[in-house]
Amino acid sequence: STPGVYRVEYVPIKIGTHSIAITVGGRSIPSSPFNCEVLNLPSVLVTDVGPTKIDAECSFILNVAEAGHVDLTVAVRTFDQEVKHNLRDMSRGQYQVMYYPQLATSNKVDIRYNGLSVTESPIVMNIETPVSDKEPTVTGLGLYKARVGKNTSFIIETLGVTEQQAFNIFVTGPGDVVPPNEVIVVKCHKQKDNNLLVEFKPRTTGPHRIEVLQEQVSGSPYVCQVYNPVAVYDCKKCSRRCRDNEALTRHLKIHNEDFKQCPFCRQNFPCIYDMITHKKDCFFVCNLCDKRFKRIGKFNRHKRMHIIESKRWSLT
C-alpha cells in the first residue's frame with residue numbers, strides 16, 4: 001500500500017536457522033543476509049512429572065528435541081517469590097527441571113523458548129504436605145498469605161483427634177509495629193469430616209507467626225505474609241511501586257552496580273523497570289523529514305541518505 005515498501009511472506013516447513021538474503025539491483029542491502037530461527041513450540045513436551053511435596057526435590061522432564069535449538073529458560077514462582085530450581089541438560093534435546101518447594105501451595109512453572117511461552121506454560125504444580133497416618137497436617141493458603149482486615153483460614157487434618165482442645169493454636173503479629181507481637185484472636189470450627197477450620201483476621205501488615213501445637217505437627221511454626229492491597233511502598237531509587245515491604249525488599253535486589261541499558265539509544269538506567277518504560281517511547285526522530293526510528297543503526301543510515309542526497313543536489 002506504501003510506494004517503495006514491500007511485504008514478504010513465507011511459510012517455513014523445517015525447524016532450524018533460515019538465511020534470508022535481500023538484494024536490490026543485484027546488491028545486498030545492509031545487514032543481509034538475515035538469520036531467522038524457526039521454532040515449533042507446540043512440540044515442547046513435559047513428561048515424567050514426579051511427586052510434588054514440600055521440603056523434597058521435585059522434578060519433571062522437558063523434551064525440546066523437535067522444537068528447534070535456541071535458549072531455554074525456566075522460572076518457578078509462588079506468591080511472586082522465586083522457588084529454587086536447577087536445569088540439567090540430559091542431551092538429545094531433553095532437560096530435567098528440579099525445584100525445591102518450601103510452601104504447600106501452587107507453584108507456577110513458566111517455560112520460555114527463545115523468549116516465547118510454550119503451549120502448556122505456565123504449568124501449575126500443586127505442592128502437598130507429606131501425609132502420615134499418625135501425624136496431623138496443616139494446609140491452606142491462610143498459612144502463607146492474607147489481606148489485612150479480612151478473615152483468612154486454614155485446615156487442620158486431625159486424623160481422628162476429635163477434641164479441639166488437643167490443638168493449641170497461636171497467631172501473633174509482627175514485632176516491628178505497634179503493638180508489637182500482637183496476639184490475634186483465633187476461631188476454630190469443627191467440620192463434618194472431623195477436621196478443623198481455623199480462622200483469624202490480621203489487623204496489621206507484615207509477617208505473622210502461626211503456631212499449631214500438638215504432639216506431632218510438622219511445619220509449625222508457619223509465617224503468613226499479610227499485605228494491604230490499598231497501601232503501596234515506593235522504591236526511592238526508581239519509580240517502582242510495591243504492595244508490601246517484602247516485595248519492596250525483593251525489588252531492591254535488582255539495584256546493583258550494573259546499569260540497565262536501553263537497546264535503542266544506549267541510555268543507562270539504575271532500574272530495569274525504568275528502562276522498560278523508557279523503551280516504549282524511545283525513538284530517534286529525523287530533524288529533516290520527521291521519520292522515527294527505533295534502532296540507532298537504521299537512524300544513522302537514514303541520516304547518511306540525506307547527506308548523499310544533499311551532495312547530489314550540490315553537484316547539479
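This dialogue introduces several features of a predicted model.

Visitor: How should one read the empty spaces in such a model, and how much space lies in the second largest pocket?

Guide: Rolling a probe the size of a water molecule over the atoms shows where empty space is left. In this structure, the second largest pocket holds about 620 Å³ of space.

Visitor: Which residues lie nearest the centre of that second largest pocket?

Guide: The lining consists of 15 residues, and those nearest the centre are Ile29, Pro30, Phe34, Lys298 and Arg301. Helix H3, which covers residues 296-315, gives the most to this lining, with eight residues.

Visitor: How many residues of each class does the lining of the second largest pocket have?

Guide: Seven of the lining residues are nonpolar, two are polar and six are charged. Phe34, one of the residues nearest the centre, also helps to make a nonpolar surface patch together with Ile22 and Val24. That patch has an area of about 240 Å².

Visitor: Where does Ile22 lie, and is Ile22 buried or exposed, wholly or in part?

Guide: Ile22 is found in the loop between strand S1 (16-20) and strand S2 (23-24). Its relative accessible area is 34%, so Ile22 counts as partly exposed.

Visitor: Let us turn to charged side chains. How many salt bridges are there?

Guide: Side chains of opposite charge can pair when their charged atoms come close. The count in this model comes to four salt bridges. Among them is the pair Arg7 and Glu9, with 3.0 Å from N to O. Arg7 counts as exposed because its relative accessibility is 73%, and Glu9 is likewise exposed, at 63%.

Visitor: Which residue forms a salt bridge with Asp110?

Guide: The partner of Asp110 is Arg112, and their closest N and O atoms are 3.1 Å apart. Arg112 is partly exposed, at 32% relative accessibility, and Asp110 is partly exposed as well, at 23%.

Visitor: What separates N from O in the salt bridge of Arg203 and Glu182, and where in the chain do these two residues lie?

Guide: The side chains of Arg203 and Glu182 meet at 2.0 Å, N to O. This pair links distant parts of the chain, 21 residues apart: Arg203 is in the loop between strand S20 (196-200) and strand S21 (206-213), while Glu182 is in the loop between strand S17 (168-172) and strand S18 (183-184). Arg203 is exposed, with a relative accessible area of 60%, whereas Glu182 is buried, at 11%.

Visitor: The backbone may also be examined. Which residues other than glycine have a positive phi?

Guide: One of them is Asn181, whose phi is near 50°; Asn181 lies in the loop between S17 and S18. Another is Ser91, with a phi of about 70°. Ser91 belongs to the loop between strand S9 (85-89) and strand S10 (94-99), and its relative accessible area of 43% is why Ser91 counts as partly exposed.

Visitor: Is the peptide bond from Ser32 to Pro33 cis or trans?

Guide: That bond is cis, with omega near 5°. Pro33 sits in the loop between strand S3 (27-28) and strand S4 (34-38).

Visitor: Finally, how far apart are the C-alpha atoms of Ile54 and Ile127?

Guide: Those C-alpha atoms are separated by 6.3 Å, although the two residues are 73 residues apart along the chain. Ile54 has its place in the loop between strand S5 (45-47) and strand S6 (58-63). With a relative accessible area of 13%, Ile54 is buried.

How values were computed: Residues numbered from 1 in each chain as written. Predicted model: local features only at pLDDT ≥ 70, side-chain atom pairs only at ≥ 80, totals over all residues. Heavy atoms only, no water. 1 Å grid on protein atoms, 1.4 Å probe; cavity = no way out; pocket = protein on both sides within 12 Å on 5 of 7 lines; lining within 4 Å. Points joined across faces, edges and corners; volume = space filled by probe spheres on them. Helix = DSSP H or I, 4+ residues; strand = E, 2+ residues; numbered from the N terminus. Nonpolar A, V, L, I, M, F, W, Y, C, P; charged D, E, K, R; others polar. Patch = residues over 30% accessible without salt bridge, like charges linked within 9 Å, V, L, I, M, F, W, Y side chains within 5 Å. Areas by Shrake-Rupley, 256 points an atom, 1.4 Å probe, with all protein chains shown as cover. Buried < 20%, exposed > 50% of the residue type's maximum accessible area, 1.4 Å probe, protein only.
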